Amino acid sequence: MNPDNQPEPQTRATTAEMPASNNGALPVMHLYNTLSARIEPLVPADGQALRMYACGPTVYDYGHIGNFRTFLQVDVLRRTLRLLGTEVRHVMNITDVDDKIIRNATAAGLDIADYTRKYEEAFFQDLRALQVEQPEVVARATEHIPAMVALIESLAAEDIAYRADDGSWYFRIARFPEYGKLSKKDFGGITDGARVDVDEYEKDAARDFALWKAPKPGEHQWETALGPGRPGWHIECSAMAMEYLGNSFDLHAGGEDLMFPHHENEIAQSESAKHHTFARHWFHVRFLLVEGKKMSKSEGNFYTLRDLLLRGYKASAIRMLLITVPYRQQLNFTFEGLEAETAAVERLRTFKDRIEKTHWPQSLSRGMAGVDSAIDDAARAAREKFRQALANDLNTSEARAAIFDLVRFVNAQADAGNFLESNQHAVMEALQEFDRVFAVLDDQDAGWTRFTLDWAEREGRLDQASPELLATRGITDAQVQALVEERDQAKRRRDFKRADELRNQLSGMGILLEDSKEGTRWKRK
Ligand SMILES: [Zn+2]
């Protein structure tokens, strides 16, 4: 797609231009805009499809639940837009070259493409497990180098990009006085020429940042008009967003951690090069806490999606937990909460089965006129509340409550013998509408759990799986016996470290060992 052929949309639509929501019509999406610090209507500037860009993963490891909270909330946004009648053109990048990837690939002795392929594949598998819809366009950074080079060249032509002595190119931040307008940071005087060459930094001082990095020995590099090297992280998103969405587009999304410097730098580069507003609306998803603390490997509360699946939690419950707390609120992820969501999903599925599969009476024997229309009315009201809550800055918590209230009401009516076959349609419609956004009713959990166990086996991580899961999977006695014998051999050669590892692995599989003079006996927990 050639961005030059696209009509330049107006800088910002005002409330007065929005179609009003009236009875029966779908509500208009309103969303908080980080840039304006206000809740504003979100409608496509071109009147056709909402053009949105969401920062994708850096594929150097498995995705953790903090990452997935962001991807899930973006999924809720796109599903809500479509529910409310707006088509979307959603572009997501894959960062497959950056500081961390180069560091890890070098340590593993692999080319970056060989290193990242595995994690990219895993990322998309995880998204499918979580029922996240695929964006319309997925763009890999390494496949868009010419667009990045062209963007840097156009900045260089205006002396906004300059080449440092080592061959790297930097963005001259003093040339963009609006720097800080997204993150609302006041940089209080910019030091011209002070530079930072890493992709991620937290310093509050504005410094010229790297657009293009000169190659270091052994690093993957591209030969370009800028000289040899590789792109910085920030330029990649600017180039790919504008390649697929035009110089100016509707919405840019990402986790709150990306607001500075990443998104601030995207704005500076793009608006300096094109002299247009880059993204009109900015959507940022807040961090989560785990058991009340910041998630970190050193705290021991760091979880990938796969860690949780191996512990026996269901993908649907994880999805439900990560989307139920509205995106601008901090979510405190707890295992208690995850168990509550497991039960909540189960309640919904049981309810759907009940409504769908029961042979309901066609009329009430006791002549209670009006009860059947009360159920239909409740279903319609729940749908209306559901839509309104989502249209109001994506209030997933209220939206969900509307449906759970309906479930309670209908269950009570059905228990009292007041539910009729003619009520089925309205109640099922409300459930289906709920599921167009929440996407938890279709039970694919067992398949994803099996998939994850197979993966764990290939990766030698079965010891991380819960005994209950392994038991359901059916580790055969012969497999257990082989591990027990391996442990006995390790003990005989006095390799107690290995023997302990094997004991732990077996324990993780729900196998208890008893050492005796006759050898090792084992039993299942
Ligand atoms: Zn980005």
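Donors are taken here as N, O and S atoms within 2.8 Å of the metal, and because water is not among the atoms, a site may look incomplete. In this predicted model, the zinc ion has as its protein donors the SG atoms of C55 and C237 together with NE2 of H262, which lie 2.0 to 2.2 Å from the ion. Along the chain, these donors follow the spacing C-x181-C-x24-H. Distant parts of the chain are linked by the pair C237 and H262, which stand 25 residues apart, with C237 placed in helix 5 and H262 in helix 6, the latter spanning residues 259-274.

The zinc donors were also examined for accessibility. C237 is buried, with a relative accessible area of 0%, and H262 is likewise buried, at 1%. For C55 the relative accessible area is 6%, and this residue therefore counts as buried, given that the term applies to values under 20%. As to cysteine pairing, the structure holds zero disulfides.

Helix 5, which covers residues 233-245, also contains S238. The relative accessible area of S238 is 0%, so that this residue is buried. Its side chain is joined to that of Q269 by a polar contact of 2.7 Å. When residues up to four places away in sequence are not counted, S238 touches L151, E266, Q269, S270 and F278. Q269 thus appears both in the polar contact with the S238 side chain and among the residues that S238 touches.

Key:
Residues numbered from 1 in each chain as written. Predicted model: local features only at pLDDT ≥ 70, side-chain atom pairs only at ≥ 80, totals over all residues. Heavy atoms only, no water. Helix = DSSP H or I, 4+ residues; strand = E, 2+ residues; numbered from the N terminus. Buried < 20%, exposed > 50% of the residue type's maximum accessible area, 1.4 Å probe, protein only. Polar contact = N/O pair within 3.5 Å; in protein donor to acceptor, adjacent residues only side chain to side chain. Contact = heavy atoms within 4.5 Å. Donors = N, O, S within 2.8 Å, 3.2 Å for Na, K, Ca; no water. Disulfide = S-S within 2.5 Å.
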